[in-house]
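Visitor: I should like to understand how this structure is put together. May we examine it step by step?

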Amino acid sequence: MAPKRYLLIRLSSIGDVLHCTPALRALRQTIPEAHITWVVGEVAAPLLKNNPFVDEVYIWPRERWEASIKAGRLHEAWALWQKLSRDLKNYSFDIALDVHGLLLSGLIAKASGAPRIIGMAHTRELNSWFMTDIAPARPGSHVIERYLSVLRPLGITGGSTAMTLVVDEESRSFAEEFLRSRSIFPTQPIVTLIPATSWITKNWPPEYFAALANSLDPSLGLMLCGSQGDRAIADAVMNKVTRPVIDAVGQTNLLQTAALLSRSKAVVTGDTGSLHMAVALGVPTVSLFGASDPARFGPLTGSHIVLTGTGDCRSCFKAACRRGDHRCMHSITPRRVLEALRRLVAEQKKTLPQPIISKGISYLAGGTRES
């Protein structure tokens, strides 16, 4: 008899939580009778609100816990931890699946009381000390495949790499009203630009976004999305845009952003959570990769074009540019992005092949390589 109660641990971030949803679906489809609880932080929790494959989402304020520790409010941090530990033990979990791979997630898995704890290979911060099973993983594999690997000790292999993100009707209604109030109606196509990421080394220059925006067909609606923390970068783009643009930066919650993305004909962005939201929603994207590796973090399913920067320092996975000039992102010119976007929009009524990523450029199988 298969164990009935599973705990899945992935606390953050937006992209990684979405990347973990294929593992959730594979577990549900293989063991339909399982009761699955996912423990997640407050920021990414809305992504799981409508997921049909999870029975319960336990939202733990990891962000507040970390802030309490940094501020020296140890009594507050301890109270948050104690509540989590007490609550998880009440579930009587059979198996905990650590799909985060940090000391904190290992501690959570141990605190759950599950007699079997399965984790991933090549983790950090002594995470492996808490595991009873380590799932084998191929070094350098895509993050979705790495997360799926945690199911191998259960005899579950393979599985679709498609991510799951369900947008509720309330958020969709918000998006339609938001656009209607800005004279964008359901029949008008929209291109969405997301100029900010979590790392400056993954940001495409604001002046490049502006140049792209000014080159787009005026019949296309143009929208900027992002969080309130992206305001400065968004303003740097807006200050150089000479055509009408819908500024949604800082005006939406996570699911409202998802609803706006789902309304888009195409999305242009760097490697950020909104990219993975768009991919999960089946929205075509042109994604721009510099410090991060598209072979590990880029789109795996759907209609997408991935452009990579030139130079042997690309995919360095550093939050600060070691050479100080961000050459990888600057080498992706607006002209290249415009050409990719035009092709993507023109081809949407067809079934596009998987993107091929080559040094400095991406092109579609059977297509013409860009110069």
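Visitor: Is Cys328 buried or exposed?
Guide: This is a predicted model, in which local features need pLDDT of at least 70 and side-chain atom pairs count only at pLDDT 80 or more, while totals for chains, interfaces and linings use all residues. Residues are numbered from 1 along each chain as its sequence is written, and side-chain values use heavy atoms, with hydrogens and water left out. A residue is called buried under 20% relative accessible area, exposed over 50%, and partly exposed in between (1.4 Å probe, protein chains only). The relative accessible area of Cys328 is 8%, so this residue is buried.

Visitor: What is the relative accessibility of Cys225?
Guide: Cys225 also counts as buried. The reason is its relative accessibility, which is 3%.

Visitor: How many disulfides are there?
Guide: A disulfide is a covalent bond between the sulfur atoms of two cysteines. The rule applied here asks for a pair of cysteine sulfur atoms within 2.5 Å. By this rule, the number of disulfides is zero.

Visitor: Which strands are the edge strands of the open sheet?
Guide: Strands (E, at least two residues) and helices (H or I, at least four) are DSSP runs, numbered from the N terminus. Two strands pair if DSSP finds at least two bridges between them. Six strands make an open, parallel sheet in the order E9-E8-E7-E10-E11-E12. The edge strands, each pairing on one side only, are E9 (246-247) and E12 (304-308).

Visitor: Which residue in E9 is the bridge partner of Met223?
Guide: Strand E8, residues 221-224, pairs with E9 in the parallel sense over two bridges. The partner of Met223 in E9 is Ile246.

Visitor: What angle does the direction of helix H7 make with that of E7?
Guide: Helix H7 (residues 206-215) packs on the sheet and touches E7 (190-194), E8 and E10 (266-270); contact means heavy atoms within 4.5 Å. Axes are lines fitted to C-alpha atoms, for helices over the stretch in contact, and angles run from 0 to 180 degrees between N-to-C directions. For H7 and E7 the angle is about 170 degrees.

Visitor: What is the C-alpha separation of Asp133 and Gly119?
Guide: Asp133 lies in strand E6, residues 133-135. Leaving aside residues up to four places away in sequence, Asp133 touches several residues, among them Gly119 and Pro153. Asp133 and Gly119 are 14 residues apart along the chain, and their C-alpha atoms are separated by 6.3 Å.

Visitor: What percentage of the 371 residues is buried?
Guide: The chain contains 13 helices and 14 strands. Of its 371 residues, the buried share is 54%.
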